[in-house]
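Welcome, and please open the structure in your viewer. We will go step by step, with something to select at each stop.

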Amino acid sequence: MTTPTPPPPPPHGYGAMPPAPDLQPGRPPNENSFAAGGPPPAEKPHNPWPIVIGLGAIAGVLIIGVIITAAIVLLRGEEDPTAKPGPLTVTATPSTSATAPAPGGLAADLFEGDWRFKLGDVSMNATYVASQDYPDCGPIASAALEKKGCGYAAMGIHDAEGGKLRMLRVIYVFDSEAEATAAAESVKETDFDLPTGSLIADDVIGKWVAKDSSKAVVVGFVTAQKGVPESTVDDYLHYGTADIAGALIFMDL
């Protein structure tokens, strides 16, 4: 019987397997060898069942060891058990509340997916184009808006009217409701630094509106090409912005 080769040590950060138990303490590694200088021990009658049971127990321990090793490899999700684990991404949650969305999480919650809106007789739909989170407001706002207390932001883009209308909605989150209200009342078009492609090409009409909600300011932009009625632009601007503002009321920002 040969001594099984132990598995390679797991990379740092994983729980290490305990050393394999010594199944026969005191015995030399080669079962066919004897102590030097002495004759072979006399043969004695013996019952074969303890040996069978012992071998069965040894086989069981070895099988369990293989299963544990395989389980560790599967949990790591790697084919090479000696490879180092990849980087771990952790999303932080603000300490103010366990339910508060983390900076960088609003886009997935409010913008990803097609927009389907229905209120009474009003029914509107728009196709998802893109969305993004901003851990700070710098990339999508002016320095003036940051000085007013803007902490982080998120934006979402949807198209409607056969691709002739584009609706962009941006959420600017502030430290307090008072700061958000003051910003919504004083915000100017020059306070926004919109991403390239967020407004439709060859537009003939464009409108925007800002509305405060909780500790955030929701700014809606709707641009449209020739052939889209101005009333349709107004509807998407009004209902699209109000929909996000209403959702933010129930979120602990």
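Start with the surface display: the accessible surface of the protein comes to about 15,900 Å², and 59% of that belongs to carbon and sulfur atoms. Keep in mind as you look that this is a predicted model. Of the 253 residues in the protein, 30% are buried.

**Stop 1: the overall layout**

Switch to a cartoon view. You should find five helices and six strands. Followed along the sequence, they come in the pattern α-α-β-β-α-β-β-α-β-β-α. Contacts often reach across the chain: among those between residues at least 6 apart in sequence, 64% join residues at least 24 apart.

**Stop 2: strand β3 and its neighbours**

Select residues 150-160, which make up strand β3. How many of its 11 residues are buried? The count is 10, so the strand is mostly covered, with buried meaning under 20% relative accessible area.

Now add strand β2, residues 122-134. β2 and β3 run antiparallel and are joined by seven bridges. To see one of the pairings, pick Thr127 and look across to its bridge partner in β3, Asp159.

Next, add strand β4, residues 165-174. β3 and β4 also run antiparallel, with 10 bridges joining them. Select Cys150 and you can find its bridge partner, Phe174, in β4. These two strands form a hairpin with four residues between them. Zoom in on Glu161 in that turn, where phi is positive, at about 55°.

While you are here, show the side chains of Asp159 and Arg166. They form a salt bridge, and the closest N and O atoms are 2.8 Å apart. Are these two residues buried or exposed? Asp159 counts as buried at 15% relative accessibility, and Arg166 is buried too, with a relative accessible area of 16%.

**Stop 3: the two sides of helix α4**

Select residues 177-186 to bring up helix α4. Its buried residues are Ala180, Ala183 and Ala184. Their arc around the axis is only 100°, which puts them on the same side of α4. This fits a general rule: an α-helix has 3.6 residues a turn, so residues three or four places apart point the same way.

Turn the view to the face pointing away from the buried side, and you will meet the exposed residues Ala178 and Glu185. What do the buried residues of α4 pack against? Their partners are α3 (143-147), β4, β5 (205-213) and β6 (216-224).

**Stop 4: the nonpolar cores**

Show Ile140, Leu145, Met155, Val170, Tyr172, Phe174 and Val217 as spheres. These residues have the most contacts inside the largest nonpolar core, which has 21 residues. β3, β4, α4 and β6 each supply at least two residues of this core.

Centre the view on Val217. Leaving aside residues up to four places away in sequence, Val217 touches Val170, Ile171, Tyr172, Phe174, Ala180, Ala183, Ala184, Ala210, Lys211 and Asp212. The three buried alanines of α4 that you met earlier are Ala180, Ala183 and Ala184, so look for them in that list.

There is also a second, separate core of 15 residues. To locate it, select Ala154, Val173, Ala216 and Ile244, which are among its members.

**Stop 5: salt bridges**

A search of the whole structure finds five salt bridges. You have already visited one of them, between Asp159 and Arg166.

For another, select Lys148 and Asp191, whose side chains meet at 3.8 Å, N to O. This pair links distant parts of the chain, 43 residues apart: Lys148 sits in the loop between α3 and β3, and Asp191 in the loop between α4 and β5. Lys148 is partly exposed, with a relative accessible area of 26%, whereas Asp191 counts as buried at 4%.

Finish at Glu230 and Lys207, where the side chains form a salt bridge at 2.7 Å, N to O. Glu230 lies in helix α5 (residues 230-249) and Lys207 in strand β5, so the pair ties together parts that are 23 residues apart in sequence. Glu230 is partly exposed, with a relative accessible area of 44%, and Lys207 is partly exposed as well, at 25%. Before you close the viewer, add Asp234 to the selection: Lys207, Glu230 and Asp234 are linked in a network of salt bridges.

Note on methods
Residues numbered from 1 in each chain as written. Predicted model: local features only at pLDDT ≥ 70, side-chain atom pairs only at ≥ 80, totals over all residues. Heavy atoms only, no water. Buried < 20%, exposed > 50% of the residue type's maximum accessible area, 1.4 Å probe, protein only. Arc of directions from axis to C-beta. Contact = heavy atoms within 4.5 Å. Pairing = 2+ DSSP bridges. Core = buried A, V, L, I, M, F, W, Y, C linked by side-chain atoms within 4.5 Å. Areas by Shrake-Rupley, 256 points an atom, 1.4 Å probe, with all protein chains shown as cover. Salt bridge = Lys/Arg side-chain N within 4 Å of Asp/Glu carboxyl O.
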